[in-house]
Amino acid sequence: MLATILFITLLALLLFSVPIGICLGLATMIVMVFVDGTPPMVLLARSVVTGADSFPLIAVPLFILAGDLMQHGGMSRRIVGFANALIGHIRGGLAYVNVLACVFFAAISGSSPATVAAIGSNMIPEMEKVGYTRRFSGALTASSGMIGVMIPPSIPFIIYGVTAEVSIGKLFLAGVVPGILFALMFMLVARVLLRNDKTVQESTTTFSGAGVWESFRTSIWALLVPGIILGGIYSGIFTPTEAGAVAVVYAVIIGIFVYRDITFADLPSILAGSAKTSGTILVLVIMATAFGRLITLARIPTELAASITSLSDNPIMILLLINLLLLVIGMFMETISSIIIMTPILLPVATALGVDPIVFGVILTVNLAIGFCTPPLGVNLFVASGISKVSIEQLSKAILPFFVGMLVLLMLITYVPAISLALPSLW
């Protein structure tokens, strides 16, 4: 009864376009006030305070700010230039440059929509100049942008690590191999789609060792970011949260004094934009903590786990059902809120099947990352549509071949845990 009222209230608030963070808090409060047998209202206040009192959570606004500073500081443009110098000479090379640039920028931003915006604004116009259709360029960029939440640092991994109380450092490592596999898959799909396309220019540049070196030299400060962040974390010099602070300081110094693409006068607007994004996420996280506490006390995770396991005693089928559920949720819910709500519900089911919590974090994140590329809530599609001036309907059709590849790799990651555990096991 409590669960039914709670989720009906949440759905009703969502239908009235109330922000998801407020929906979670209001639904929790309404149930506590009007339903007998629920905990007292003090639980809501206590949960909000304890939810905000998290040192690892500080990493979220820090990495958001670092990503904004690096995007405005010209790093994305130089990364695209370096990727083009490396593989732009290959037939259809700009498609590969697009994917490779997304990989490089993913290791800076930790955000999927930010990756699409930063790389797409540079790549989509350039690809159109040499014969690529805007539909193809937009679909490829929207797809490749999902790598932004898999290659570390990843904001969804941080949120999952806080929610599930697992090592964020191990989660970062676990996303590396899957992220690279997705990049290779997107390149392969692009190659298949372009094999008979005679309108695409054979190459955009001539390979030159000197040109690669020059491009590398100008982009070295951007390419050093992943090494500084991950090297510092895994060498024990600083924690993932402290790595976010280091990234912010580094981005300010490089953007102002080295690349000189931003000035001190630009900082207030960049800080304001980052604060707005961070505030939205943190309110959501805090309210979701109270919501999660209530559903746990109502034994909803236990009952749902029993319902799922009652459908089949085959672990393969149960994991398939979990994936289908997460794919649907990713189509309709924002990623951060989905992680916070679904982790306490589904993690016990996964661990009961013998799935490592680190592996489940990757499975959860990949499912929801696919949601970035699927309507009606596909944020990557909206960003790519705005840049390419192609309708969401057209992009949704153009992205289907990439979507099939995503599903294939999702199944591989789900049933071959060694892919995610390869690097964490070495640490």
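In the predicted model, helix α19, which spans residues 379-388, has as its buried residues Asn-380, Leu-381, Ala-384, Ser-385 and Ser-388. When the helix is viewed down its axis, these buried residues fall within an arc of 130°, and they therefore line one face of α19. Such an arrangement can be read against the geometry of the α-helix in general, in which there are 3.6 residues a turn, so that residues three or four places apart point the same way. The buried residues of α19 pack against three other helices, namely α7 (112-129), α8 (134-144) and α20 (392-398).

The residue that follows α19 is Lys-389, and its phi is positive. Lys-389 lies in the loop between α19 and α20, and its phi, near 65°, is a positive value in a residue other than glycine. In contrast to the buried residues of the preceding helix, Lys-389 is exposed, because its relative accessible area of 64% is over the 50% cut-off.

A second residue with this backbone feature is Arg-260, for which phi is near 60°, again a positive value in a residue other than glycine. Arg-260 is placed in the loop between α13 (240-258) and α14 (267-297), and, with a relative accessible area of 66%, Arg-260 is likewise exposed. The backbone also contains a cis peptide bond, from Pro-152 to Pro-153, with omega near 0°; Pro-153 belongs to the loop between α8 and α9 (155-164). These local features are set against a general background in which most residues other than glycine have a negative phi and most peptide bonds are trans.

Considered as a whole, the protein chain has 22 helices and zero strands. Its radius of gyration is 22 Å, which agrees with the value near 22 Å that a compact globule of 427 residues would have. Taken along the principal axes, the box filled by the C-alpha atoms is roughly 70 × 50 × 45 Å. Of the 427 residues, 54% count as buried, and the chain exposes about 17,600 Å², of which 70% is supplied by carbon and sulfur atoms. Among the contacts in the chain with a separation of 6 or more, 78% are accounted for by residues 24 or more positions apart.

Two buried hydroxyl-bearing residues, Thr-9 and Ser-215, illustrate how individual helix positions are enclosed. Thr-9 is located in helix α1 (residues 2-15) and has a relative accessible area of 15%; Thr-9 is buried because this value is under 20%. Apart from its neighbours within four places in sequence, Thr-9 is in contact with Ala-27 and Ile-30. Between Thr-9 and Pro-401, which are 392 residues apart in sequence, the distance from C-alpha to C-alpha is 38 Å. Ser-215 is located in helix α12 (residues 209-234) and counts as buried at 10% relative accessibility. With its neighbours within four places in sequence likewise left aside, the contacts of Ser-215 are with Gly-81, Phe-82 and Ala-85.

Aromatic side chains were examined across the whole structure, where a search finds eight aromatic pairs. One of these is formed by Phe-257 and Phe-264, whose ring centres are 6.0 Å apart and whose planes meet at 70°; the pair counts as edge-to-face because the angle is over 60 degrees. Phe-264 is itself exposed, with a relative accessible area of 53%. Elsewhere, Tyr-132, Phe-136, Phe-182, Phe-186 and Phe-402 form one aromatic cluster. An interaction between a charge and a ring is also present in the model, in that the charged end of Arg-78 sits over the ring of Tyr-259, at 3.8 Å from its centre.

Note on methods:
Residues numbered from 1 in each chain as written. Predicted model: local features only at pLDDT ≥ 70, side-chain atom pairs only at ≥ 80, totals over all residues. Heavy atoms only, no water. Phe/Tyr/Trp six-rings, centres within 6.5 Å; stacked < 30°, edge-to-face > 60°. Buried < 20%, exposed > 50% of the residue type's maximum accessible area, 1.4 Å probe, protein only. Lys NZ or Arg CZ within 6 Å of the ring centre and 35° of its normal. Helix = DSSP H or I, 4+ residues; strand = E, 2+ residues; numbered from the N terminus. Contact = heavy atoms within 4.5 Å. Rg over C-alpha atoms; globule rule 2.2 N^0.38 Å. Areas by Shrake-Rupley, 256 points an atom, 1.4 Å probe, with all protein chains shown as cover. Arc of directions from axis to C-beta.
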